[in-house]
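The following paragraphs are intended to be read with the sequence and the model side by side. They begin with one acidic residue and proceed from there to other parts of the chain.

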Amino acid sequence: MLEVALGRRRFMTYLLGVPALAVATRITFDAVAPDAAAAALPSAPSVEEMFDIGEALVVASAPTMPLVKLEIGEDGVARMGVPRIEMGQGITTALGMLIAEELDLRMDQVEVTCADARPELVLNQMTAGSSTIRAFYDPVRVLAATARARMLAAAAAEWGLPVGSLTTSGGSVTSDDGRTATFGELSRPAADPALQVGAVVPKAASDHKIVGTPVRRVDALDIVTGRKRFTMDLQVPGALPTMIRRAPTWNGTFRSLANRGAIEAMPGVLAVATIPSGVAVVAETFEQARAAVCAVDATFSAGPVPNESNDSIMQKLKKAALPFAAPALGAVTVEASYEWPSASHAFLETECAIADVRPGGAEIWSGFQAPIVAQQKIAVELGLPQKSVKAHVVPCGGGFGRRVFFDTAMEAALISKAVGKPIKLMWHRTDDMRHGRCRPANVQNFRATLVAGQVATLEQRVCGVSTDYRHGLGEILTATATALPEGAKQAVANDAFGQAVFLTFVASPYNFGVYDKRQTELSLGIPTSSYRSVPNQTARGSEEMFVDEIAERLGVDPVEFRRSTLKSERTRAVLDAVVDAGDWGRRMPTGFAQGIGVHVESRSHTAALIELDCRDPKNPLVTKAVMAVDVGKVINPLGLEAQMQGGLAEAISLTLKAGLHVVDGLPLEGSYSQYHFARQKDFPSDLEIIIMPSHDGPLGGAGEVGSSAPTGAIANAYARATGVRPRTFPINHPIDFDPFPPGQLPPPAFPEG
């Protein structure tokens, strides 16, 4: 399908649906019939091995792929508004590389931006599940190749030459006799519906000059020089600084305000509004808003978990965990449990949104991972037609699953409507850590049955606080379905959705005979959201720890045990790569040790070898890390390397010292000084990322696969160095700070003036 916009002198090619559908239905049956391991009892394929969450999202997005467009205007620049958000994962660079490759353009001749909410795309505008490149790899290549074919055809028709005598380079078409025309000059004739165009065939990988080479992120310079514009940097006319006084417990709701007059009389305060989540103060500056928020005297409902703590939550999870099946009579069993508390997403850019709500419509700016459902739900709440609400997707400084929800944008819209002015709402870092959605606490229980030196059964029982999936697949129908029955803390449908996510995300890469994984979720009313790698970082990270325990019980080297039981040669290859590069088994000084871990997710395979300095067991330090990754087809090695580094940082943090302390229904942590995410000093200076060569295997995701293998490897190194197997995480989790009083926002570290 081709649409020509001659009035604006631009060329638009609409993506054909067939290639997208071909990608969507290309299920990787190589995983269904994995390589048999001679020294292991084969396991039947799990749901994830046959059809994973990324493939589900690709299938969901395929029907509306024909609505995704590429434009080339008179300036010769190729532009695409991708219906996904750039959160630091580098998708705008990777997709730009695909476009530049097929069109023979330089990277500075391509612009990939984040599209505003487009409800006509239905299920094709949610950034999740490491699925963006998997969904757009073939479609974007076909899209750009079609544009190139039309440029060639237009030039051939204009010059009366065969297409085969023409070439493209740097945004121009050149003939054998030396004639040239730029894409800008050809954009109008190329848009002619009557133009005869031959077959469109994307380039073979062997002809790639850009794809597969290291390319720096297109926005890297802007980020490091401060020119990149995030939501807080946008200058929407009249948007006023706004902050909120929140409840002293998770999900407490506003009841009454005792000192409205006093707050309104404070310096710089322009308006006070109440919304369900608290008392909003609109002021001339953010510091004036913060000071006024701290002076608010308000009462709130207690919230659903006013008396809960880490210990009480974990006790409930242990009690609700499903039991193991009865072991065979006389069988040798190995059992272990691993406990994980709630964790903050802790991205650099705190939650923020700008809203301008007027009687006839509204505009919202925020870092939306799911902008369609945000637009739809905000429209319902404001009593406006959906088409009257514009949701602008702004690139954000991290998301990791938190931004599939749009709490901040909804709050901003309600406040703007109440005060009758555009407002810029900022969540303070303390609000972000205490009231933002968190990774749910969970407990991982394992039991293996050993028969004749082999694993005959592996049982995994996961019990966690319910992950909130009421965003659905990113639009209002599935979001409504996951919220029924209305009024429930966490709907039955939501937990069914959670089961589907668990089954399509988590799978053991080993042949361990009968593999039985089951998940139970408790609906407590705690604000939760998916966290990077969703259930995998804790579920598979814990399994990697358990694999070491099985190997120890069998008296075999943990690397050799993995080699003999892994299902896939691709997984064995990344394991061998880190073992060789990291010199596995070398003699280590007292207090030092190596640990190993592997992981398979989103059709990608990773392995990690970690060296840990545990001379002070209360302050272990990762001194060396070697990671290997196989994603099938490598678009941008630099971007892939960065993703692995990010996964390693998450693993170091969550395994060693980053977690939330919940006391009386509220996390104590309220700043980076209290939430101990890894600093530069915690990151190894000796780091090697091995990127396996591209091949014809299935295209894998990269955004989430890098955290589970190092999680297991770090814990395994700790056990080898100290002789103590960790059971609760993070391994060192003291309350070594004075918490801010509930409801109070600390003053800025660097006051104005």
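**A buried acidic residue and its partners**

At a relative accessibility of 4%, E351 counts as buried, because the cut-off for this class is under 20% relative accessible area. The model described here is a predicted one. The side chain of E351 meets that of R402 in a salt bridge, with a distance of 3.7 Å from N to O. The two residues are 51 positions apart and link distant parts of the chain. E351 belongs to the loop between β15 (343-344) and β16 (352-358), whereas R402 belongs to the loop between β18 (389-393) and α12 (407-419). R402 is likewise buried, with a relative accessible area of 2%. Side chains of opposite charge can pair when their charged atoms come close.

E351 and R402 are part of a network of salt bridges that also takes in E349, R403, D407, R437, D468 and R470. Within this network, D468 forms a salt bridge with R470, and the closest N and O atoms of that pair are 2.7 Å apart. How does the cover of these two residues compare, buried or partly exposed? D468 is buried, at a relative accessible area of 3%, whereas R470 is partly exposed, at 28%.

Elsewhere, D104 forms a salt bridge with K203, and here the closest N and O atoms are 2.5 Å apart. This pair, too, links distant parts of the chain, its members being 99 residues apart. D104 is found in the loop between α4 (91-103) and β5 (110-114), and K203 in the loop between α6 (183-190) and α7 (220-225). K203 has a relative accessible area of 18% and is therefore buried. The count for the model comes to 55 salt bridges.

**Two successive hairpins**

The description now turns to backbone pairing. Strands of a sheet pair through backbone hydrogen bonds, either parallel or antiparallel. Strand β6 (residues 166-169) and strand β7 (residues 172-175) are paired in the antiparallel sense over 4 bridges. S169 has S172 of β7 as its bridge partner. The hairpin of β6 and β7 has 2 residues between the strands, and G170 takes a positive phi near 60° there.

β7 is also joined to strand β8 (residues 180-182) by 3 bridges, and these two strands run antiparallel. T174 has T180 of β8 as its bridge partner. β7 and β8 form a hairpin with 4 residues between them, and in its turn G178 has a positive phi of about 95°.

**Two open sheets**

One open sheet consists of 4 strands in the order β14-β21-β22-β23, with mixed pairing. Which strands stand at its edges? These are β14 (332-340) and β23 (514-522); each has a single partner strand, so one side of each is left without a neighbour in the sheet. From one strand to the next, the twist averages 10°. Inside the order, strand β21 (residues 442-451) and strand β22 (residues 454-465) pair in the antiparallel sense over 10 bridges, and N442 stands opposite G464 in β22.

Another open sheet of 4 strands follows the order β24-β25-β26-β29, and its pairing is mixed. Its edge strands are β24 (592-601) and β29 (686-691), each of which pairs on one side only. Neighbouring strands of this sheet are turned by 10° against each other on average, direction ignored. β24 pairs with strand β25 (residues 604-613) in the antiparallel sense over 10 bridges. In this pairing, F592 stands opposite D613 in β25.

**A covered helix and a surface patch**

Helix α19 (residues 637-656) has 20 residues and reaches 28 Å from its first C-alpha to its last, close to the 28 Å expected at 1.5 Å a residue. α19 is mostly covered, with 14 of its 20 residues buried.

A nonpolar patch lies at the surface, where V47, M50 and L503 together make up about 210 Å². V47 lies in helix α2 (residues 47-50). With a relative accessible area of 38%, V47 is partly exposed. V47 can count towards such a patch because patches are made of residues with over 30% relative accessible area and no salt bridge.

Conventions: Residues numbered from 1 in each chain as written. Predicted model: local features only at pLDDT ≥ 70, side-chain atom pairs only at ≥ 80, totals over all residues. Heavy atoms only, no water. Pairing = 2+ DSSP bridges. Patch = residues over 30% accessible without salt bridge, like charges linked within 9 Å, V, L, I, M, F, W, Y side chains within 5 Å. Areas by Shrake-Rupley, 256 points an atom, 1.4 Å probe, with all protein chains shown as cover. Salt bridge = Lys/Arg side-chain N within 4 Å of Asp/Glu carboxyl O. Buried < 20%, exposed > 50% of the residue type's maximum accessible area, 1.4 Å probe, protein only. Axes fitted to C-alpha atoms, helices over the stretch in contact; angles between N-to-C directions. Expected span 1.5 Å × (residues − 1).
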